[in-house]
Amino acid sequence: QLQLVESGGGLVQPGGSLRLSCVSSGWTLDYLAVGWFRQAPGKEREEVSCVNDSGDSTTYSDSVKGRFTISRDFAKNTVYLQMNNLKSEDTAVYYCAAAGQCKTLVDTEYWGQGTQVTVSS
């Protein structure tokens with residue numbers, strides 16, 4: 001059974017940086033696309049970024065493009081989300097998810113438990 005665990009969230013000031021990690025236990029992530037979603041209170045879940053199974057293709061939402069970078073370390077079975085120049089509107093619970101392709105992430109059954117990111121002065 002694929003289990004995803006996120007870490008790296010926390011409280012950061014506007015303009016600061018955080019790096020989120022998504023680690024898989026049980027199964028390898030090598031043949032899966034992995035993405036990051038976020039959900040703020042009272043708002044719908046938003047797909048933030050995705051990296052394909054080979055790591056050579058990435059997507060970003062317009063709201064984070066140029067500030068966030070997704071990457072994967074196959075040796076560590078981990079996917080990262082580097083978040084720079086954080087803004088208050090980035091405050092949310094961040095979830096990672098895995099699926100065969102980035103376009104099927106929204107329907108996947110494989111989700112982590114989430115990690116809270118709070119951007120505030």
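Reader: Is the link of Cys-22 and Cys-96 right-handed or left-handed?

Author: Keep in mind that this is a predicted model. In it, Cys-22 and Cys-96 form a disulfide, with the two sulfur atoms 2.1 Å apart. The angle about their S-S bond comes to 65 degrees, and that makes the link right-handed.

Reader: How many residues apart in sequence are the parts that Cys-22 and Cys-96 tie together?

Author: Look at where each partner sits: Cys-22 is in strand S3, residues 18-25, and Cys-96 is in strand S9, residues 92-99. So the pair ties together parts whose separation in sequence is 74 residues.

Reader: Are Cys-22 and Cys-96 buried or exposed?

Author: The cut-off for buried is under 20% relative accessible area. Cys-22 has a relative accessible area of 0%, and Cys-96 is at 0% as well. Because of those values, Cys-22 and Cys-96 both count as buried.

Reader: OK, and how many disulfides are there?

Author: The rule here is a pair of cysteine sulfur atoms within 2.5 Å. Cys-22 and Cys-96 meet it at 2.1 Å, and Cys-50 and Cys-102 do so at 2.0 Å. The count comes to two.

Reader: What handedness does the link of Cys-50 and Cys-102 have?

Author: For Cys-50 and Cys-102, the angle about the S-S bond is -90 degrees. That link is left-handed.

Reader: Where does Cys-102 lie, and how many residues separate it from Cys-50?

Author: Cys-50 belongs to strand S5, residues 46-51. Its partner Cys-102 is in the loop between S9 and strand S10 (110-111). This pair, too, links distant parts of the chain, and the separation is 52 residues.

Reader: Which pattern do the disulfides follow?

Author: Count the bonded cysteines along the chain. Cys-22 goes with Cys-96, and Cys-50 goes with Cys-102. That gives the pattern 1-3, 2-4.

Reader: Switching to the sheet with S3 in it: which are the edge strands?

Author: Four strands make up this open sheet, with antiparallel pairing and the order S1-S3-S8-S7. An edge strand here pairs on one side only. That leaves strand S1 (3-7) and strand S7 (68-73).

Reader: By how many degrees are neighbouring strands of this sheet turned against each other on average?

Author: The figure ignores strand direction, so antiparallel neighbours can be treated like any others. On average, the turn is 20 degrees.

Reader: Last one: which residue in S8 stands opposite Asp-73?

Author: S7 runs antiparallel to strand S8 (residues 78-83), and six bridges join the two. Across from Asp-73, the residue in S8 is Thr-78.

Note on methods. Residues are numbered from 1 along each chain as its sequence is written. This is a predicted model: local features need pLDDT of at least 70, side-chain atom pairs count only at pLDDT 80 or more; totals for chains, interfaces and linings use all residues. Side-chain values use heavy atoms; hydrogens and water are left out. Buried means under 20% relative accessible area, exposed over 50%, partly exposed in between (1.4 Å probe, protein chains only). Two strands pair if DSSP finds at least two bridges between them. Axes are lines fitted to C-alpha atoms, for helices over the stretch in contact, and angles run from 0 to 180 degrees between N-to-C directions.
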